[in-house]
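Student: I have a new model open and would like to learn how to read it feature by feature. Could you guide me?

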Amino acid sequence: MKKYTIILFSLITFYCSAQFPEEYLNQPANLKPVINLDNSIMQCVYQHTTYDPDLDRYEDIYEILEIGNNYSKYGSYGAYQVDSVLLTYKGATLTNGDYVLLDRKYDPDHECIIKNMKDESLEHYGIVFIDHYIYQEPIPRIEWTLEGGEAIICGHTCYKATATFRGRQWTAWYSDIPVDNGPWKLGNLPGLILKAEDSTGEHIFEAIMLKQDKTTIGYRQFLYSRTTRQKYNKSQQEYKNEAHKFFFGELQPKNPDGTPMNIPKRKLFYNPLEKE
């Protein structure tokens, strides 16, 4: 069960306050190795604003697109920051306590999308509760309609395009940067997409920073179960809507007296990008 402890901590503290034993915190962290695929030549940080109509609440998170010659990666900026800090250890012992502090500070999400530009495929790495999944599909060739209108975003002139993609109508602003890529799975335009918004306003991606750090593009080698996009999205939606049902048996947190803790029925914040 120890391999699940860090993931469980972030979930359980959603419902209750939890503490790790000092013995565990002082042990060396057993992190999964990183599989490196490419070196990034450019990064774009986006603010992703999501609205959950069921909870009537907005949330802002920061995500990053790392662009290489053959691969690109889109994922949590918090995870990117954690990985950057881990590189500074350079052989020094990282304890579980060190990692817990990093997790609390940066709040990383290990869900990411890696595009392989060589064979025009993408792999989606995700987590449903404590289980890791991966699915593969072709890079979507979204059919955009180029519209009139210009905007300045991050100092770059951007042009308007619209399209319908998997149940949402998108308006994108692509830049004069000659890179076919963008936030999430969006792309297939003459320039890097710096802003995209769906017609309901439930999802908005907007670039807030462009940089050219020299970093590696890769992913941690968890034990992934292969699945399909449709099955993964269904499982994720079931978990977000009824998370309490996933805490059972050994995974159910305990009260101080050892009895099973009652997990309240509560919907987690969620609004899927793909509606079909």
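Tutor: Gladly. Buried residues make up 48% of the 276 residues in this chain. Keep in mind that the model is predicted.

Student: Which secondary structure elements does the chain have?

Tutor: The chain has five helices and 13 strands. Contacts help too: of those with a separation of 6 or more, 62% are between residues 24 or more positions apart. As for the surface, the chain exposes about 14,800 Å², and carbon and sulfur atoms supply 48% of that area.

Student: Let us take one strand. How many residues of S4 are buried?

Tutor: The general idea comes first: in a regular strand the side chains alternate between the two faces of the sheet. In this model, five of the five residues of S4 (residues 112-116) are buried, so the strand is largely enclosed by the rest of the structure. Cys112, Ile114 and Asn116 point one way, Ile113 and Lys115 point the other way, and all are buried.

Student: Which strands pair with S4?

Tutor: S3 (residues 71-76) runs antiparallel to S4 and is joined to it by five bridges; in this pairing, lysine 73 stands opposite isoleucine 114. S5 (residues 121-128) also pairs with S4 in the antiparallel sense, over five bridges. There, tyrosine 125 of S5 is the bridge partner of cysteine 112.

Student: What joins S4 to S5?

Tutor: The two strands form a hairpin with four residues between them, and glutamate 120 in the turn has a positive phi of about 55°.

Student: Where else should I look for positive phi in a residue other than glycine?

Tutor: Try two loops. Phenylalanine 129, with phi near 60°, sits in the loop between S5 and S6 (131-138). Cysteine 154, with phi of about 55°, lies in the loop between S7 (145-153) and S8.

Student: Are those two buried or partly exposed?

Tutor: Use the cut-off here: buried means under 20% relative accessible area. Phenylalanine 129 has 6% relative accessibility and therefore counts as buried, whereas cysteine 154, at 34%, counts as partly exposed.

Student: Now a helix. Which residues of H5 are buried?

Tutor: For a helix, look at length and then at sides. H5 (residues 229-241) has 13 residues and reaches 18 Å from its first C-alpha to its last, close to the 18 Å expected at 1.5 Å a residue. Its buried residues include Arg229, Tyr232, Asn233, Gln236 and Tyr239. They cover an arc of only 130° around the axis, which puts them on the same side of H5. The face turned away from that buried side carries the exposed residues Gln230, Lys231 and Lys234.

Student: Which residues have the most contacts inside the largest nonpolar core?

Tutor: That core has 32 residues, and those with the most contacts inside it are Trp144, Trp170, Trp184, Leu186 and Leu192. Among the elements that give two or more residues to this core are S1 (34-52), S2 (57-68) and S8 (156-165). Setting aside residues up to four places away in sequence, tryptophan 184 touches several residues, including Ile113, Lys115, Phe165 and Trp170. Ile113 and Lys115 bring us back to S4, where they point the same way.

Student: One last case: where is aspartate 213, and which residues does it contact?

Tutor: Aspartate 213 is in the loop between S11 and S12 (215-220), and it is partly exposed, with a relative accessible area of 32%. Beyond its neighbours within four places in sequence, aspartate 213 is in contact with Ser40, Gln43 and Tyr80. Its C-alpha atom is separated by 9.8 Å from that of asparagine 39, 174 residues apart along the chain.

Methods: Residues numbered from 1 in each chain as written. Predicted model: local features only at pLDDT ≥ 70, side-chain atom pairs only at ≥ 80, totals over all residues. Heavy atoms only, no water. Buried < 20%, exposed > 50% of the residue type's maximum accessible area, 1.4 Å probe, protein only. Pairing = 2+ DSSP bridges. Contact = heavy atoms within 4.5 Å. Areas by Shrake-Rupley, 256 points an atom, 1.4 Å probe, with all protein chains shown as cover. Expected span 1.5 Å × (residues − 1). Arc of directions from axis to C-beta. Core = buried A, V, L, I, M, F, W, Y, C linked by side-chain atoms within 4.5 Å.
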